[in-house]
Amino acid sequence: MKGLIQRVSEASVEVDGRIIGKIGPGILLLLGIEKSDTEEIADKLLKKIRAYRIFSDTEGKMNLNLQQANGGLLIVSQFTLVADTKKGLRPGFSNGASPEQGEALYNYFSKQAQATDTHVQTGEFGADMKVRLLNDGPVTFLLEAN
C-alpha cells in the first residue's frame, strides 16, 4: 500500500461535475492498493500518515502532524501509484489489487480514518475524478507501511 501525501492549503475532488469531498489546510492522500495489502497494512499506513510531521511549527520547522495542525484529510484512490514502471514505456499493473479487493481496502482505510478526530473527506472508488489542490510548499512524500 502506497500513500502519496501532499500538504495542501485546500483540495477537492469532483465526480460528474459535483464536488464530493473538500478540505481546507491539511493532507491530500492519493492511495494505491496492491494485491498483497491487508487491513493490518492499511492500519499501519494510516497511523504513519496521521503522525507524519509535515506541518510547520512556530519556528517554521516541519514538526507538527496532521492532528496538531488541525488539518483535514482528503483520501482519493489512485491505482496508478502501484504501477510497475521499471521496464519499457508502458506501466504494468500486475501488482495492483483487484477492483473488489481495492475497493474493500479503500473503504476500510476511509472508515478507519473517519473514526479518528480528523476532518476526513473521500473521493469515490473507481470513479473518474477531478482532483484540485493547492500544494503548500510544495511538500509531497511517498509513504509505505512497513
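Two strands pair if DSSP finds at least two bridges between them. Keep that in hand for the exercises below, and remember that this is a predicted model.

**Exercise 1. Which residue in strand 6 is the bridge partner of Leu 31, and which strands does strand 6 pair with?**

Step 1. Start with the residue: Leu 31 has Ser 77 in strand 6 as its bridge partner.

Step 2. Look at the other end of the strand 6 range, residues 72-77. There, Gly 26 is bridged to Gly 72.

Step 3. Now the strands themselves. Strand 3 and strand 6 run parallel and are joined by six bridges. Strand 6 also runs parallel to strand 7 (residues 119-122), with four bridges between them. Within that second pairing, Leu 74 sits opposite Gln 121.

Step 4. Add the neighbour of strand 3: strand 1 (residues 2-15) pairs with strand 3 in the antiparallel sense, over seven bridges. One bridge to look for is Gln 6 with Leu 28.

**Exercise 2. Is Ser 77 buried or exposed, and what does Ser 77 touch?**

Step 1. Place the residue: Ser 77 belongs to strand 6.

Step 2. Apply the cut-off. Buried means under 20% relative accessible area. Ser 77 comes out at 14%, so Ser 77 is buried.

Step 3. List the contacts. Leaving out residues up to four places away in sequence, Ser 77 touches Leu 31, Tyr 106, Glu 124, Phe 125, Gly 126 and Met 129.

Step 4. Zoom out to the strand. In a regular strand the side chains alternate between the two faces of the sheet. For strand 6, one side carries Gly 72, Leu 74 and Val 76, the other Leu 73, Ile 75 and Ser 77, and all of them are buried. Strand 3 is mostly covered too, with seven of its seven residues buried.

**Exercise 3. How do helix 1 and helix 2 cross, and which residues meet there?**

Step 1. Get the geometry. Helix 1 (residues 39-51) and helix 2 (residues 99-114) have axes that come within 10 Å and cross at roughly 40 degrees.

Step 2. Name the arrangement. Angles under 35 degrees would count as roughly parallel, and 65 to 115 as roughly perpendicular. The two helices are therefore oblique to each other, and helix 1 passes helix 2 in a right-handed crossing.

Step 3. Find the contact. From helix 1 come Glu 39, Ala 42, Asp 43, Leu 45, Leu 46 and Ile 49; they meet Leu 105, Tyr 108, Phe 109, Gln 112 and Ala 113 of helix 2. Sort those residues and you get eight nonpolar, one polar and two charged.

**Exercise 4. Where do Asp 16, Asn 70 and Asp 84 lie, and how accessible is Asp 16, Asn 70 or Asp 84?**

Step 1. Take Asp 16, in the loop between strand 1 and strand 2. Its relative accessible area is 78%, so Asp 16 is exposed. The phi of Asp 16 is near 55 degrees, a positive value in a residue other than glycine.

Step 2. Move to Asn 70, in the loop between strand 5 and strand 6. Asn 70 also counts as exposed, at 70%, and its phi is near 55 degrees.

Step 3. Finish with Asp 84, in the loop between strand 6 and helix 2. At 34%, Asp 84 counts as partly exposed. Beyond residues up to four places away in sequence, Asp 84 touches Arg 90, Pro 91 and Gly 92.

Note on methods: Residues numbered from 1 in each chain as written. Predicted model: local features only at pLDDT ≥ 70, side-chain atom pairs only at ≥ 80, totals over all residues. Heavy atoms only, no water. Axes fitted to C-alpha atoms, helices over the stretch in contact; angles between N-to-C directions. Parallel < 35°, antiparallel > 145°, perpendicular 65-115°, else oblique. Left-handed = near helix turned anticlockwise from the far one by under 90°. Contact = heavy atoms within 4.5 Å. Nonpolar A, V, L, I, M, F, W, Y, C, P; charged D, E, K, R; others polar. Buried < 20%, exposed > 50% of the residue type's maximum accessible area, 1.4 Å probe, protein only.
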